[in-house]
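Me: Could you take a close look at one part of this model for me? I'd like to start from a single crosslink and then hear how its surroundings fit together.

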Amino acid sequence: MRHPIPTLAPVAAALAAGLLLTGCGAPEPLPEVAQGPRPSAESATAAPETTKTPAVAAASGKTLGGPGTACALPVSFALAEQWEPDAIKDPENPEFAALTRQGPAVIRCEVNAKAAGHIGFLRVWTAAGKGPAKTALEGFVKAEEHTSKVVYKETGAGASPLTEVTYTVYNELMEESKEERAFAVATPKGTVIVHLGGFDTDEHRAMLPAYELARTTLKVL
């Protein structure tokens with residue numbers, strides 16, 4: 001299969017890998033915040049009883065999203081050490097919609113964890129239009145097949161509150177599930193979604209510190 005640019009190759013490779021092998025287990029709960037969890041009505045019964053705050057990765061001193069960075073985004077956040085970002089070229093090309101679109105969102109950037117010793121990515125997506133970040137995030141998750149254990153949570157406060165989600169994706173071939181999670185924020189240029197997948201659940205959990213670094217340093221530009 002042809003790809004429009006070399007940077008789409010890791011996207012396809014990671015997606016293909018997920019069809020071959022996945023982890024299992026329920027997703028680790030989202031971290032507590034000062035105002036406490038506020039799960040959506042549809043997922044209130046699935047909310048975890050306890051929470052555990054993942055560690056935050058060491059910052060590399062580099063940020064993503066601002067002027068002069070690898071990806072032009074409506075937000076910026078700090079990158080973990082050895083995580084390598086690349087912009088996705090021509091993401092609007094309909095020929096590659098299966099790789100570059102998910103629900104209302106289009107992929108704009110991916111941050112590869114390979115050099116840090118992990119198999120997975122932080123991927124940044126944008127959804128056009130105004131409206132609550134949760135609306136775009138719900139559309140993003142619903143576009144994923146075989147999801148379950150979906151839990152939404154509002155975090156942060158002030159001008160840039162975040163909506164987070166944890167869920168599992170079932171692999172019919174392996175008859176197993178793996179964890180996924182993402183956070184979303186509304187900006188004047190649309191909603192930005194930062195998603196963490198992983199080759200399997202173990203890899204996903206090992207990469208949580210880099211995800212937490214991105215979440216806790218996020219700034220709307």
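Which residue does the disulfide join to Cys71, and what is the S to S distance?

Reply: Bear in mind that this is a predicted model. The partner of Cys71 is Cys109, with the two sulfurs 1.9 Å apart, inside the 2.5 Å cut-off for calling a disulfide. A search through the whole structure turns up 1 disulfide, so this is the one to look at, given that a disulfide means a pair of cysteine sulfurs within that limit. As for its hand, the torsion about the S-S bond of Cys71 and Cys109 comes out at about 65°, so the disulfide is right-handed. The bond links distant parts of the chain: Cys71 belongs to the loop between β1 (59-64) and β2 (75-80), whereas Cys109 is in strand β5 (residues 105-112), 38 residues apart. Both of these cysteines are buried.

Now follow the Cys71 loop out to its two flanking strands. β1 and β2 belong to an open sheet of 3 strands, ordered β1-β2-β11 with antiparallel pairing. At the edges are β1 and β11 (219-220), each of which pairs on one side only. Between β2 and β11, which run antiparallel, there are 2 bridges. If you want to find the register by eye, go to Ser76, whose bridge partner in β11 is Lys219.

Next comes the helix over those strands. Helix α5 (residues 208-216) lies across β1 and β2, and runs at about 150° to β2. Its side chains are worth some time. Take Arg215 to begin with: its side chain meets that of Glu164 in a salt bridge, 3.8 Å from N to O. That contact links distant parts of the chain, with Arg215 in helix α5 and Glu164 in strand β8 (residues 162-171), 51 residues apart. Both Arg215 and Glu164 are buried.

Arg215 also has a salt bridge to Glu212, this time at 2.8 Å, N to O. Glu212 and Arg215 are 3 residues apart in helix α5, which means they are separated by about one helical turn. Are these two charged side chains buried or exposed? Glu212 has a relative accessible area of 1%, so it is buried. Arg215 has 14%; buried means under 20%, so Arg215 makes the cut as well.

Helix α5 has an aromatic contact too. The ring centres of Phe183 and Tyr211 are 5.5 Å apart and their planes meet at 65°, so the pair is edge-to-face. Phe183 is in strand β9 and Tyr211 in helix α5, so this pair ties together parts 28 residues apart in sequence. Phe183 and Tyr211 are both buried.

While you're on β9, step off its end. Pro188 is in the loop between β9 (176-187) and β10 (190-196). Pro188 has a relative accessible area of 71% and is exposed; the threshold for that word is over 50%. Pro188 and Gly131 are 57 residues apart in sequence, yet 10.0 Å apart in space, C-alpha to C-alpha.

The other aromatic contact is elsewhere. The count comes to 2 aromatic pairs, and besides the one on α5 there is Trp125 with Phe140, edge-to-face, at 5.2 Å centre to centre and 70° between the planes. Trp125 sits in strand β6 (residues 121-127) and Phe140 in helix α3 (residues 133-142), 15 residues apart. Trp125 is buried at 6% relative accessible area, and Phe140 counts as buried at 0%.

Last, back to charged residues. The salt bridges number 9. One of them joins the side chains of Arg101 and Glu92, at 3.8 Å from N to O, which falls within the 4 Å limit. Arg101 counts as partly exposed at 38% relative accessibility, and so does Glu92 at 47%. Glu92 and Arg101 also belong to a network of salt bridges that takes in Arg108.

To retrace the route on screen, start at the buried pair Cys71 and Cys109, move to the β1-β2-β11 sheet, and then look at helix α5 across β1 and β2. From there, Arg215 takes you to Glu164 and Tyr211 takes you to Phe183.

Notes. Residues are numbered from 1 along each chain as its sequence is written. This is a predicted model: local features need pLDDT of at least 70, side-chain atom pairs count only at pLDDT 80 or more; totals for chains, interfaces and linings use all residues. Side-chain values use heavy atoms; hydrogens and water are left out. Helices (H or I, at least four residues) and strands (E, at least two) are DSSP runs, numbered from the N terminus. Buried means under 20% relative accessible area, exposed over 50%, partly exposed in between (1.4 Å probe, protein chains only). Two strands pair if DSSP finds at least two bridges between them. Contact means heavy atoms within 4.5 Å. Axes are lines fitted to C-alpha atoms, for helices over the stretch in contact, and angles run from 0 to 180 degrees between N-to-C directions. Rings of Phe, Tyr and Trp (its six-membered ring) pair if their centres lie within 6.5 Å; planes under 30 degrees apart count as stacked, over 60 as edge-to-face and the rest as tilted.
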